[in-house]
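Dear colleague,

I am passing the structure below on to you, and the notes that follow it set out what a look at its aromatic rings and its chain interface turned up. Please read them with the coordinates open.

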Amino acid sequence: MTDPTLPSLRTALHDAHVVLGARMVPFAGYDMPVQYADGILSEHNWTRTHAGLFDVSHMGQALLIGPSHGTVAAALETLVPADILNLKLGQQRYTQLLNADGGIIDDLMVTRPLDPGLDGTLFLVVNAARKAVDYAHMMDRLPGGIRLVPKDELALIALQGPEAAEVIAPHAPEAAALGFMSATSSTLDDVPCHISRSGYTGEDGFEISVAADAVEKVWSHLLSDARVKPIGLGARDSLRLEAGLCLYGHDIDTTTSPIEAQLAWSIQKRRREGGGFPGAARIQRELAEGPARVRVGLKPEGRAPAREGVDILNDGTVVGQITSGGFGPTVGGPIAMGYVPPHLARPGTALDLLVRGKPLPARVCHVPFVAPRYARKS
Amino acid sequence: MSEIRYSQDHEYVRVEGDVAVIGISSYAQEKLGDVVFVEMPDIGANIEQHKEAAVVESVKAASEVFAPVSGEVLEVNDALEANPALANEAPEGEGWFLKLRMSDPAQLNELMSADAYQDFLKTLG
């Protein structure tokens with residue numbers, strides 16, 4: 001947890017945000033831009049139609065280093081349910097750190113470097129608010145010979161949107177050639193960086209890891225393109241909600257399993273069958289018999305947003321809670337995600353959401369709310 | 001010119017005889033950001049000073065609009081319900097929320113004049 005008595009940390013782009021007219025707010029221990037002068041709606045829509053540039057340097061970047069890919073992958077596989085061993089060079093995968101009960105300690109991205117010379121290294125990106133917990137959890141459990149190396153000297157920026165590839169191509173052609181969920185070392189205007197084709201908006205895009213002391217150069221070069229605008233955390237949240245992506249501490253936490261959270265797609269067949277990760281018994285049981293509750297999308301039928309914590313009712317009985325909810329600018333109305341028993345999870349199911357004491361009708365719907373436009377491997 | 005007075009919660013009251021036109025100040029809409037939903041009280045409801053009169057929701061969060069004065073709801077702004085962005089575009093004009101028939105106009109004396117409100121905003125940094 002963030003200690004409110006401590007002063008907020010600043011990313012290397014803090015002053016750049018202030019100059020751009022950002023409204024800075026405390027988030028996960030950092031002073032972060034929630035929006036710039038244009039506001040959340042404009043920033044959201046710009047990202048869906050052009051390209052948005054996000055500072056996500058608050059997120060935790062770390063290396064897991066061992067003698068070979070096999071040993072480092074085996075070590076990480078004792079903590080996460082994804083198939084790490086069979087990651088190809090330059091392949092990125094989404095997974096979760098699980099506790100002994102199969103609850104989610106954090107969700108993270110794991111990348112095997114493209115460069116064969118870096119065999120035995122994995123690149124991890126974890127949530128800002130979970131950095132300390134994650135690192136302690138991993139360090140306590142890694143076998144001898146495998147080191148976790150937090151890379152606090154790195155910044156992370158994300159370029160997201162349908163024009164992101166065209167924007168990045170002249171700066172880093174090899175990045176524009178990446179398929180979705182793959183990564184490469186590169187240079188961006190002579191600045192060394194590590195670029196993955198991934199993101200948190202449902203759009204095509206890139207995440208660019210670069211030395212904090214060089215990030216401002218990359219940031220300002222990308223921003224000098226008229227197709228690119230800076231986007232704050234407010235629009236990042238509405239974009240990810242429309243994309244049906246979980247936010248740690250809201251849609252997933254130590255009590256939710258990846259199966260309840262509808263993240264079974266992130267557990268590959270070899271791991272489902274072989275187990276060997278924390279909480280495997282629960283996860284294998286939930287895969288076979290179904291979980292007690294599942295994450296669903298919900299669309300209120302009126303205009304009132306139903307936000308986190310709102311009770312979900314079926315015939316007047318509370319059956320679950322909203323875990324993320326608000327207004328979806330691209331949807332043009334309120335959207336939400338929450339947990340309900342499986343028999344109420346079928347799209348079209350009519351439920352009520354208790355907003356300010358009033359039951360408002362809503363329907364279960366498919367997520368994502370907005371069709372993703374991730375880059376297909378050419 | 002009708003008189004406008006402001007509360008410390010950033011609501012305004014435009015006084016038209018014994019009717020109070022209530023909305024949120026320009027400063028409030030700026031702080032809220034893009035307004036996407038408003039919830040209005042029922043016509044005829046009696047609302048006490050400092051109690052919730054309406055709800056305004058931005059992309060980020062829901063906030064209460066408190067009644068700066070007590071009174072009976074005469075009218076709510078249908079145009080604002082249909083187009084909540086009016087609260088951003090013209091907060092002290094077309095983006096008004098509701099009209100109350102004041103039950104105790106003396107409560108207006110507790111509110112700030114436009115000049116006093118501008119001074120108050122400066123103290124907020």
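In this predicted model, B:Tyr6, B:Tyr117 and B:Phe120 are joined by ring pairs into a cluster. Within that cluster, the rings of B:Tyr6 and B:Tyr117 make a stacked aromatic pair, with 4.2 Å from centre to centre and 5° between the planes. B:Tyr6 belongs to strand E1 (residues 3-6) of chain B and B:Tyr117 to helix H4 (residues 114-123) of chain B, so the pair ties together parts that are 111 residues apart in sequence. Both B:Tyr6 and B:Tyr117 are buried.

Over all chains, the search of the whole structure finds four aromatic pairs. Another of the stacked pairs is that of A:Tyr94 and A:Trp265, for which the centres are 5.5 Å apart and the planes 20° apart. Here A:Tyr94 sits in strand E5 (residues 92-98) of chain A, while A:Trp265 sits in the loop between helix H8 (233-242) and helix H9 (269-274) of chain A, so this pair ties together parts that are 171 residues apart in sequence. The two partners differ in their surroundings: A:Tyr94 counts as buried because its relative accessibility is 12%, under the 20% limit, whereas A:Trp265 counts as exposed because its relative accessibility is 55%, over the 50% limit.

Turning to the interface, 14 residues of chain B are in contact with 16 residues of chain A. The two chains bury about 1,300 Å² between them, and 50% of this lies on carbon and sulfur atoms. Of the area that chain B buries against chain A, 40% comes from B:Val36, B:Val59 and B:Lys60, which is more than any other three residues supply.

As for the polar side of the interface, the rule finds four salt bridges between chain B and chain A, and one salt bridge joins the side chains of B:Glu57 and A:Arg307 at 2.8 Å, N to O. Between these chains, 11 residue pairs are in polar contact, counting pairs in which both residues have pLDDT 80 or more. On the side of chain B that touches chain A, helix H1 (26-32), strand E4 (35-39) and strand E6 (52-58) of chain B each supply at least two residues. The residues of that side of chain B comprise six nonpolar, two polar and six charged ones.

With best regards

Notes
Residues are numbered from 1 along each chain as its sequence is written. Chains are lettered from A and ligands numbered from 1 in the order in which they are written. This is a predicted model: local features need pLDDT of at least 70, side-chain atom pairs count only at pLDDT 80 or more; totals for chains, interfaces and linings use all residues. Side-chain values use heavy atoms; hydrogens and water are left out. Contact means heavy atoms within 4.5 Å. Buried area is the accessible area (1.4 Å probe) that two parts lose on being put together, summed over both. A polar contact is a pair of N or O atoms within 3.5 Å; within protein, one must be able to donate a hydrogen and the other to accept it, and residues adjacent in sequence count only if both atoms are side-chain atoms. Helices (H or I, at least four residues) and strands (E, at least two) are DSSP runs, numbered from the N terminus. Ala, Val, Leu, Ile, Met, Phe, Trp, Tyr, Cys and Pro count as nonpolar, Asp, Glu, Lys and Arg as charged, and the others, Gly among them, as polar. Rings of Phe, Tyr and Trp (its six-membered ring) pair if their centres lie within 6.5 Å; planes under 30 degrees apart count as stacked, over 60 as edge-to-face and the rest as tilted. Buried means under 20% relative accessible area, exposed over 50%, partly exposed in between (1.4 Å probe, protein chains only).
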